[in-house]
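Visitor: Please walk me through this chain. I have the sequence and the coordinates open.

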Amino acid sequence: MEQQHNKSEEPVELSFTCPKCGDDRLYLKQIDITEVKGVFSDGEISLGDEYAEEDLGFICVGCEYELQDEDEPVVGGQHLAEWLQVNCPQTDHSSAEEDQETSET
Ligand SMILES: [Zn+2]
């Protein structure tokens with residue numbers, strides 16, 4: 001039985017390294033929009049079901065640097081993935097040769 005490594009378009013985990021401070025932790029900046037249905041005199045508010053989420057971008061946990069791509073904020077997973085591959089050193093899984101020989105007797 002032979003095991004083959006299937007390398008066809010398999011997603012790899014990308015690493016984030018902040019270009020400013022070197023931190024490797026990333027925040028997703030997000031805004032939640034919920035409809036306010038009623039406000040009461042005691043300060044209580046009732047919220048409606050209407051709910052929207054808007055991605056605002058990604059910031060570094062360490063220095064709050066906001067990821068930017070040509071002065072545009074990086075928004076969304078696809079954009080982030082592209083940004084990471086360009087701006088952060090990635091451990092190249094494909095070129096890392098593993099010289100492991102399994103000799104069976
Ligand atoms: Zn940073």
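Visitor: Which pattern does the chain follow along the sequence?
Guide: This is a predicted model. Its secondary structure comes to four strands and one helix. Read along the sequence, the pattern is β-β-β-β-α.

Visitor: Which residues make up the largest nonpolar core?
Guide: Of the 105 residues in the chain, 7% count as buried. In soluble globular proteins, nonpolar side chains tend to be buried together. Here the largest nonpolar core has five residues: Phe-58, Leu-67, Val-74, Leu-80 and Leu-84.

Visitor: Which residues does Leu-67 touch, not counting those up to four places away in sequence?
Guide: Leu-67 belongs to the largest nonpolar core, as do Phe-58 and Val-74. Both of those are among the residues that Leu-67 touches. The full list is Gly-57, Phe-58, Pro-73, Val-74 and Trp-83.

Visitor: Is Pro-19 buried or exposed?
Guide: Pro-19 sits in the segment before β1 (26-39). Its C-alpha is 8.7 Å from that of Tyr-65, 46 residues away in sequence. The cut-off for exposed is 12 or fewer other C-beta atoms within 10 Å. Pro-19 has 12, so it is exposed.

Visitor: Where does Glu-64 lie?
Guide: Glu-64 has a positive phi, near 60 degrees, and is not a glycine. With 12 C-beta neighbours inside 10 Å, Glu-64 counts as exposed. Its place is the loop between β2 (45-60) and β3 (68-69).

Visitor: What is phi of Glu-70 near?
Guide: Glu-70 is in the loop between β3 and β4 (72-73). It counts as exposed, with 4 C-beta neighbours inside 10 Å. Its phi is positive, near 50 degrees.

Notes:
Residues are numbered from 1 along each chain as its sequence is written. This is a predicted model: local features need pLDDT of at least 70, side-chain atom pairs count only at pLDDT 80 or more; totals for chains, interfaces and linings use all residues. A nonpolar core is a set of buried Ala, Val, Leu, Ile, Met, Phe, Trp, Tyr and Cys residues joined through C-beta atoms within 7 Å. A residue is buried if 20 or more other C-beta atoms lie within 10 Å of its own, exposed if 12 or fewer, and partly exposed in between; C-beta atoms are placed from the backbone. Two residues are in contact if their C-beta atoms, placed from the backbone, lie within 7 Å. Helices (H or I, at least four residues) and strands (E, at least two) are DSSP runs, numbered from the N terminus.
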